Amino acid sequence: YDSSFEPAQQKMRELQALANGAPGAAQENRVAATLFEEARALVAEKQWSDAITRLEQLRTLNADYRAAEVSELLFQTYIGAGKAAVTANQIELARGRFESALIIRNDAEVRRQRDLAVLYLDGQQAVGYNWQLAIKNFAALYQQDPGYDDVKRRLFDAYVQYADLAAKQNSPCLAE
């Protein structure tokens, strides 16, 4: 409110200088090139989340900058991030990464990976309230990929829990 307040005047001068030096196309391309190179380096280091962030920033800044290369790199990055998430037992994140890759390009293997993650999550969601559904989903996943995360243990546990429930409900044949 006080026009003689020096810190406010200094900040106003800084903002005016920024406004007068607004980034042009050349500066925007330099920033885009920097983001692209940073993303490539991050992919090489398998730092998937940071690479995705850089590539999405690049698309927001300049959607036309090396568009085909950026899309391909982002597609590969989403796949790498999805596989890393499966390995880290972060199946929900993996599903999201595979779905993001499918938005860029419909690929049979990526669709398969997304479907495996969905089976796992659906089975996990059914645990505790619908053992038959949990068994169905885990069994389908196990048939397609027996080494997927901890599906073997989860399928075994679902069978045991379902049998225990059947025994408690006086259904020994089902429990057996």
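Leaving aside neighbours within four places in sequence, Leu141 is in contact with Leu116, Leu119, Tyr120, Pro146, Tyr148 and Val151. The model is a predicted one, and in it Leu141 belongs to the largest nonpolar core, a set of 43 residues in which Leu58, Ile91, Val110, Phe138, Leu141 and Tyr148 touch the most other members. The points below take up this core, the aromatic rings, and the helices α5 and α7.

**The nonpolar core**

- The elements that give two or more residues to the core of 43 residues are α2 (25-44), α3, α4, α5, α6, α7 and α8.
- Its largest share, 9 residues, is contributed by α4.

**Aromatic pairs**

- A pair of aromatic rings is described by the distance of the centres and the angle of the planes.
- The structure has 3 aromatic pairs by the rule applied here; one of them joins Tyr120 and Phe138 in an edge-to-face arrangement, with 6.0 Å from centre to centre and 65° between the planes.
- This pair links distant parts of the chain, since Tyr120 lies in helix α6 (residues 108-126) and Phe138 in helix α7 (residues 131-144), 18 residues apart.
- Tyr120 counts as buried because its relative accessibility is 1%, and Phe138 likewise counts as buried, at 0% relative accessibility.
- Tyr120 also pairs with Tyr148, and because the planes of these two rings stand at 55°, with the centres 6.0 Å apart, the pair is described as tilted.
- The pair of Tyr120 and Tyr148 again links distant parts of the chain, from helix α6 to the loop between α7 and α8 (151-168), with the two positions 28 residues apart in numbering.
- Tyr148 has a relative accessibility of 3% and therefore counts as buried.
- Through these ring pairs, Tyr120, Phe138 and Tyr148 are joined into a cluster.

**A charge over a ring**

- The charged end of Arg105 sits over the ring of Phe75, at 3.9 Å from the centre of that ring.

**Helix α5**

- Helix α5 (residues 91-104) has 14 residues and reaches 20 Å from its first C-alpha to its last, close to the 20 Å expected at 1.5 Å a residue.
- Its buried residues are Ile91, Ala94, Arg95, Arg97, Phe98, Ala101 and Leu102, and because they fall within an arc of 165° when seen down the axis of α5, they line one face of the helix.
- An α-helix has 3.6 residues a turn, so residues three or four places apart point the same way.
- The cover over the buried residues of α5 includes α3 (48-61), α4 (67-87) and α6.

**Helix α7**

- The 14 residues of α7 should span 20 Å at 1.5 Å a residue, and the end C-alpha atoms of the helix are indeed 20 Å apart, which agrees.
- In α7 the buried residues are Trp131, Ala134, Ile135, Asn137, Phe138 and Leu141, and the buried residues of this helix pack against α6 and α8.
- How does Asn137, a residue of helix α7, stand in terms of burial: buried or exposed? With 8% relative accessibility, Asn137 counts as buried, because the cut-off for burial is under 20%.
- Not counting residues up to four places away in sequence, Asn137 touches Leu119, Asp122 and Gly123.

Notes. Residues are numbered from 1 along each chain as its sequence is written. This is a predicted model: local features need pLDDT of at least 70, side-chain atom pairs count only at pLDDT 80 or more; totals for chains, interfaces and linings use all residues. Side-chain values use heavy atoms; hydrogens and water are left out. Rings of Phe, Tyr and Trp (its six-membered ring) pair if their centres lie within 6.5 Å; planes under 30 degrees apart count as stacked, over 60 as edge-to-face and the rest as tilted. Helices (H or I, at least four residues) and strands (E, at least two) are DSSP runs, numbered from the N terminus. Buried means under 20% relative accessible area, exposed over 50%, partly exposed in between (1.4 Å probe, protein chains only). A charge sits over a ring if NZ of Lys or CZ of Arg is within 6 Å of the ring centre and within 35 degrees of the ring normal. The expected span of a helix is 1.5 Å times one less than its number of residues. The arc is that of the directions from the helix axis to the C-beta atoms. Contact means heavy atoms within 4.5 Å. A nonpolar core is a set of buried Ala, Val, Leu, Ile, Met, Phe, Trp, Tyr and Cys residues joined through side-chain atoms within 4.5 Å.
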